[in-house]
Amino acid sequence: FKQKTAYEMLCRDWSSDVCSPIFDFITAFSAIIACFNNAGPGLNEVGPASSFALLTDYQKAVCTFAMLLGRVQIFSIVILFVPEFWRK
């Protein structure tokens, strides 16, 4: 029995939100991974030769939210290395 991490559950749930009749799971999953992890372009319909323009407004909102949470995660790690943070 493998216990799922919060990261795996988050990516799977958001990917299901981005899935639609025109997008397969690989496209949706790679879109979420690309947004959340600063990983660059996704695969298939959101790959390097295409863009996120085909997504609906709701799907773009989910990806935007994932991107914002990904940035917050990065900044919380980066702030640990800022000397001014530790001087206060």
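Which backbone oxygen lies 2.9 Å from a polar atom of the side chain of Ser30? In this predicted model, that atom is the backbone oxygen of Ile26.

**Ser30 and its surroundings**

Ser30 sits in helix α2. Its relative accessibility is 9%, so Ser30 counts as buried. The side chain of Ser30 also has a polar atom 2.8 Å from the backbone nitrogen of Leu43. Apart from neighbours within four places in sequence, the residues in contact with Ser30 are Gly42, Leu43 and Val46. Leu43 therefore appears twice around this serine, once through its backbone nitrogen and once in the list of contacts.

**Overall make-up**

The protein has 4 helices and 0 strands, and its pattern along the sequence is α-α-α-α. It has 88 residues, of which 26% count as buried. The accessible surface is about 6200 Å², and carbon and sulfur atoms account for 69% of that area. When contacts between residues at least 6 apart in sequence are considered, 43% of them join residues at least 24 apart.

**Helix α2**

Helix α2 covers residues 25-37. With 13 residues at 1.5 Å a residue, α2 should span 18 Å, and the 18 Å between its end C-alpha atoms agrees with this. The buried residues of α2 are Thr27, Ala28, Ser30, Ala31, Ile32, Ile33, Ala34, Cys35 and Phe36. Just after the helix, Asn38 takes a positive phi of about 55°.

**The nonpolar core**

In soluble globular proteins, nonpolar side chains tend to be buried together. The largest nonpolar core of this model has 12 residues: Val18, Phe23, Ala28, Ala31, Ile32, Cys35, Phe36, Val46, Leu55, Val62, Cys63 and Ala66. Helices α2 and α3 (57-78) each supply at least two residues of this core. The most is given by α2, with 5 residues. Val46 belongs to this core and is also in contact with Ser30.

**The aromatic pair**

What is the arrangement of Phe25 and Phe29, stacked or edge-to-face? A search of the whole structure finds 1 aromatic pair. Phe25 and Phe29 form this pair, which is stacked, with 5.7 Å centre to centre and 25° between the planes. The angle falls under the 30 degrees that sets the limit for stacking. Both residues lie in helix α2, and because they are 4 residues apart, about one helical turn separates them. An α-helix has 3.6 residues a turn, so residues three or four places apart point the same way. Phe25 has a relative accessible area of 42% and is therefore partly exposed. Phe29, at 33% relative accessibility, also counts as partly exposed.

**The loop between α2 and α3**

Leu54 and Asn44 are both found in the loop between α2 and α3. Asn44 is not a glycine, yet its phi is positive, at about 60°. Its relative accessibility of 48% means that Asn44 counts as partly exposed. Leu54, leaving aside neighbours within four places in sequence, is in contact with Ile22, Phe23 and Glu45. One of these contacts, Phe23, is a member of the largest nonpolar core.

Two residue pairs link this loop to positions earlier in the chain. They are set out below by their C-alpha atoms.

| Residue pair | Separation in sequence | C-alpha to C-alpha distance |
|---|---|---|
| Leu54 and Ile22 | 32 residues | 9.3 Å |
| Phe25 and Asn44 | 19 residues | 9.9 Å |

Phe25, from the second row, has its place in helix α2 and is also one of the two rings of the stacked pair.

Conventions:
Residues numbered from 1 in each chain as written. Predicted model: local features only at pLDDT ≥ 70, side-chain atom pairs only at ≥ 80, totals over all residues. Heavy atoms only, no water. Core = buried A, V, L, I, M, F, W, Y, C linked by side-chain atoms within 4.5 Å. Buried < 20%, exposed > 50% of the residue type's maximum accessible area, 1.4 Å probe, protein only. Phe/Tyr/Trp six-rings, centres within 6.5 Å; stacked < 30°, edge-to-face > 60°. Contact = heavy atoms within 4.5 Å. Areas by Shrake-Rupley, 256 points an atom, 1.4 Å probe, with all protein chains shown as cover. Expected span 1.5 Å × (residues − 1). Polar contact = N/O pair within 3.5 Å; in protein donor to acceptor, adjacent residues only side chain to side chain.
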